[in-house]
Amino acid sequence: MNENEIAQDLYMLVNKTYHQRITNDSKIQALLQGKKRSHKQADEFAKQTAKQLGASIQDHVYSAVLPDGRMSYEMADHVIGKMLEESYRDVDDFTASVQKSLNKDAKLGIKAQKTDFNTNMAKGLVNKVSEADNFDAFTSQLNTLLETFHKNIVLDNLQKNVELHRRAGLHPHIERRYFGGCDWCQKLAGDYDYPDETPHDVFRRHKNCNCVVEYFPYKGKKQDVWSKVKSNYNKNEDDLKRRKLLGSLRGYTPHAKAVQKARDISSKDVRNAFRHPLRVQKANYGEKSGLTYQKIIGEKVTVIVNPLTGKVLSTYNTLPQTRKKYRAGAVFDV
């Protein structure tokens, strides 16, 4: 048999085994049949899909059946490259179904998007396979590359949907959760207004990266990203008010930016004041300034905001006596 015939036979064997493994994988089937609540589930689906693809490849592809114990670029592209196209669709379809469910929960009439196959990323993986002198010695590294490849599909899909929501007039908030690892990931952890505050690297991952990027869309002022997956976000009236409050945040006036910098107040503390206020006072009208303003008292920071525009007017550190006064009791003025 020549190299092309070997490659064709291997592809057919790997393809059949892959689909059998996916069908028989209890974790994958549970994710497919369960309610889609977050992109963490998409990450889990991607990881398990990569695991089954890697196992399917190793069931049939090993040095003894390869010319000179390795795969040429053409052979790797025919076998592994073609399989990546199939597994890519599986992960992208699942991630889109997660977004569809989240859009439905948020009562958004926006169609969940799918992504185009990332040819450059696939070619990079195939090239690494072809560079290995011995396929058997490369299998461990291949499994790592497959997991990174498939998890990146989730990020590509998430970013495409977030950008669509932005163009539709929503104000997305992104959260990247850190679960241990490198300093690079730790520095990226946090929640961001998209696109103004979102670093480009938020939608990137390296090999062995366990970070999870989440986006929970809420229509209009209800949108927010929370540190936990919310299975019931209508549990009480105050909870809804807090979500509306955070969703109303639209940025800072030049004065507010200058004051925030001078007082060394972080944007994270400002958002936390919106997310977990000790007290939200009624809106008032300033005779001298001609502006409507509202005071939001947080654990660390007190924020003065224009409720009509969502712009922060000023910020200052919450005094200890103020914190003590409002730590108990109703959050919202009546």
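**Exercise 1.** Which helix gives the most to the negative patch, and with how many residues?

*Solution.* We are working with a predicted model. Begin with the members of the patch: E3, E74, D77 and E85 gather on the surface, where they form a patch of negative charge. Next, turn to helix α4, which covers residues 73–105 and gives the most to this patch, with three residues. One residue to locate in this helix is D77, which is found in α4.

**Exercise 2.** Work out which strands stand at the edges of the open sheet of three strands, and why one side of each is left without a neighbour.

*Solution.* First write down the order of the open sheet, which is β2-β1-β3, with antiparallel pairing. From this it follows that β2 (190–193) and β3 (212–214) stand at the edges, and because each has a single partner strand, one side of each is left without a neighbour in the sheet. Neighbouring strands of this sheet are turned by 20° against each other on average, when direction is ignored. Then look at the pairing of β1 (residues 173–177) with β3, where three bridges join the antiparallel strands, and where R177 stands opposite V212 in β3.

**Exercise 3.** Trace the strands that pair with β7 (residues 292–297), beginning with strand β5.

*Solution.* Strand β5 (residues 279–280) is joined to β7 by two bridges and runs antiparallel to it, with V280 opposite I296. Strand β6 (residues 284–285) also pairs with β7 in the antiparallel sense, over two bridges, and here Y285 faces T292. Finally, four bridges join β7 to the antiparallel strand β8 (residues 301–306), Q294 stands opposite V305, and the two strands β7 and β8 form a hairpin with three residues between them.

Terms used: Residues numbered from 1 in each chain as written. Predicted model: local features only at pLDDT ≥ 70, side-chain atom pairs only at ≥ 80, totals over all residues. Heavy atoms only, no water. Pairing = 2+ DSSP bridges. Axes fitted to C-alpha atoms, helices over the stretch in contact; angles between N-to-C directions. Patch = residues over 30% accessible without salt bridge, like charges linked within 9 Å, V, L, I, M, F, W, Y side chains within 5 Å. Areas by Shrake-Rupley, 256 points an atom, 1.4 Å probe, with all protein chains shown as cover. Salt bridge = Lys/Arg side-chain N within 4 Å of Asp/Glu carboxyl O. Lys, Arg positive; Asp, Glu negative; His and termini not counted. Charge placed at Lys NZ, Arg CZ, Asp CG, Glu CD.
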